[in-house]
Amino acid sequence: MSALNEARRDRLRATTLGCVYQSFNLLQGYTCLENVLLAMAFGAGRDRGWAASLLQRVGLGHRLDYYPRQLSVGQQQRVAVARALANRPRLVLADEPTGNLDAINAAETLALLRETCREQGAALLLVSHDRDILAQFGRTEEFSDLNTPLVTAA
Amino acid sequence: MVIPLVVYKSLRQHLVSTLVSAAAIALAGGLLMSVWVMRQEASRTFTSVSGGFDAVLCARSSKLQLVLNAIFHLEDSPGNISAADVETVLKNPNIEFGLPIAVGDNYQGYRLVGTTTELFERVEFAPGRRYRVAEPGRPFAMGEKEAVAGSFAAQQLGLAPGGTFHPFHGLIYDETKQHAETFVVTGVLEPTGTPADRVIWIPLEGLQRMSGHDARAATDVSALLIRLKQSNPMAGFQLDMLYNKRGNKFTFAWPLGAILGKLFDKIAWFDRILAFVSYLVVVVASASILASIYNSMNERRREIAILRALGAGRLTVFGAIVVESAAIAALGMAMAFAIYAAVVGAASEIIRAQTGVVIDPFALHPVMLVAPTGIVALAALCGVFPAIKAYRTDVAGGIAPTS
């Protein structure tokens, strides 16, 4: 991946990766449907039916034309999940996706994220400080282990 | 293409600054087009006003004064020529037709011009168009105290066939100098879009013999409007030689368009300054687009980073800002045509009131294509500066949680 030039990395990001952030990062001027469609525009191309069915899947079928500010934080993160899956990615990156959510929403969102990734056949790579969350996953890596220098200067 | 959607969303999100910037462009673009069209149309129209004549002959004076007096009815008369001289001049084989006029009186500021009924019978103020008296009405009769009012003068003074008025002495209205004579309006001219609309036409003797005028000069005329023999292409040159170069009694103003053209040349610096000011205003308005987008770049940083994270290339976010800037200008230029219509409409109305000359405010003009294109291009160029900032946006920094 690091061997690709910038334009190809942009392309790779659009077509292969989906991202879910702690702070949602939805575009405020776009409706839920438009947020998902916009992600598609950079990747596989806009498909209104698919975007609507994704939002349906995350339980927001009745909120397609709502703007993010009109939604609860839990709902906003569910839009972000739908957006991450818009281009049928092979890998979904989630950076503290539950960090800004209350306990109930956090549990629901995490379950949704795992289920939808499984349904779409996408690998899920999730970063969290929360041991309870980490315990649900099949494989966990400690950041401190990854950050160990392999070679030490003499 | 995703850029149109992104641009549309951004314009809506920054609606107030979009509208303010577009309004600035509308004013600037409207002003620029107005200045351009007015300076060109005014000089084109004025230099083509001839009343249907090729030249004016009068006592020795400046040609410009002669044209302004006899054709535009604006200036003072430089002096008179005697009836005998008129007769001699008219015998010149290079002259096809001459119409004498006499000036010196007004009615409430609108000039009385004495002439003969040949005005209605022989003069074509534009090819195929004669001065016609509107129904109901008839031309004045020679020897009677009758008048035919130009359409604009009639409208302003409330003159209609059957109405009467007492003229005032002099070309400038002075209410203490009323003549005793009563003139009867016999008709109103159909609108011509020429200075003839702003005067009241009366029989030549009516003016010459007005009470209080010098009886010794009663057969003099103020000027002779001349149509040259079309069969002799050198007629104008020969008369110019005869009266201006060799003679010293008359001034022969010919060709009319060139004389007024020189006036426009003399004041050309004035409209060059106007044009320059309008360019400056356009630059300022374009810079205001730059400033408003540039100032909003901080709040846009996050959105741009999100777009980049979704897979938008640097060139896409760069292009979106440039197109947004151009789109604001395009929106402004659409409104600029309304400003243009208002400014030019008002200006041409003022010109008509002051001179009788009608300038077509909606004549198509190349500047109407060039100005919008140029201003949109300039705005796109202004958009490049904030776009560079967008191009350089740090994606990781932009999407990091702000809390």
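I begin with a single side chain: R308(B) lies in helix α11 of chain B, which covers residues 297-310. Please bear in mind throughout that this is a predicted model.

Is R308(B) buried or exposed? With a relative accessible area of 3%, R308(B) falls below the 20% limit and therefore counts as buried. Its contacts come from both chains. Leaving out residues up to four places away in sequence, R308(B) touches E6(A), D10(A) and R13(A) on the side of chain A. Within chain B, the residues that R308(B) touches are G313(B), R314(B), V317(B), T393(B) and V395(B). One of these pairs spans a long stretch of chain: R308(B) and V395(B) are 87 residues apart in sequence, yet their C-alpha atoms are 6.6 Å apart in space.

That brings me to the contact between the chains. It takes 21 residues from chain A and 20 residues from chain B. Between them, the two chains bury about 1900 Å², and 55% of that area is on carbon and sulfur atoms. Which residues of chain A lose the most area to chain B? They are N25(A), Y30(A) and F42(A), which together make up 28% of what the chain A side buries.

Let me now take chain A as a whole. Chain A has seven helices and three strands, and from the N terminus its elements run in the order α-β-α-α-α-β-α-β-α-α. The radius of gyration of chain A is 17 Å, close to the 15 Å that the globule rule gives for 154 residues, so chain A is as compact as a globular protein of that length. Its C-alpha atoms fill a box of roughly 60 × 40 × 25 Å along the principal axes. Of its 154 residues, 45% count as buried. Among contacts in chain A between residues at least 6 apart in sequence, 70% join residues at least 24 apart. The accessible surface of chain A is about 8400 Å², with 51% belonging to carbon and sulfur atoms. Chain A carries 17 positive and 16 negative charges, whose mean positions are 8 Å apart.

A local example from chain A is T31(A), which is found in the loop between β1 (17-20) and α2 (32-42). T31(A) is buried, with a relative accessible area of 6%. Apart from its neighbours within four places in sequence, T31(A) is in contact with L64(A), D65(A), Y66(A) and Y67(A).

I turn to chain B, whose secondary structure comes to 14 helices and 12 strands. Why is chain B described as more spread out than a compact globule? Its radius of gyration is 31 Å, well over the 22 Å that the globule rule gives for 403 residues, so the description follows from that comparison. The C-alpha trace of chain B spans about 100 × 45 × 35 Å along its principal axes. Buried residues make up 51% of its 403 residues. Of the contacts in chain B with a separation of 6 or more, 78% are between residues 24 or more positions apart. The accessible surface of chain B comes to about 18300 Å², 62% of it belonging to carbon and sulfur atoms. Its 34 positive and 31 negative charges have mean positions 11 Å apart.

I close with helix α9 of chain B, residues 256-266, where L256(B), I259(B), L260(B), G261(B) and F264(B) are buried. An α-helix has 3.6 residues a turn, so residues three or four places apart point the same way. The cover over the buried residues of α9(B) includes α2 (15-48), β1 (55-59), α3 (63-70), β12 (250-253) and α10 (268-295) of chain B.

Note on methods:
Residues numbered from 1 in each chain as written. Chains lettered and ligands numbered in written order. Predicted model: local features only at pLDDT ≥ 70, side-chain atom pairs only at ≥ 80, totals over all residues. Heavy atoms only, no water. Buried < 20%, exposed > 50% of the residue type's maximum accessible area, 1.4 Å probe, protein only. Helix = DSSP H or I, 4+ residues; strand = E, 2+ residues; numbered from the N terminus. Contact = heavy atoms within 4.5 Å. Rg over C-alpha atoms; globule rule 2.2 N^0.38 Å. Areas by Shrake-Rupley, 256 points an atom, 1.4 Å probe, with all protein chains shown as cover. Lys, Arg positive; Asp, Glu negative; His and termini not counted. Charge placed at Lys NZ, Arg CZ, Asp CG, Glu CD. Buried area = accessible area lost by both parts, 1.4 Å probe.
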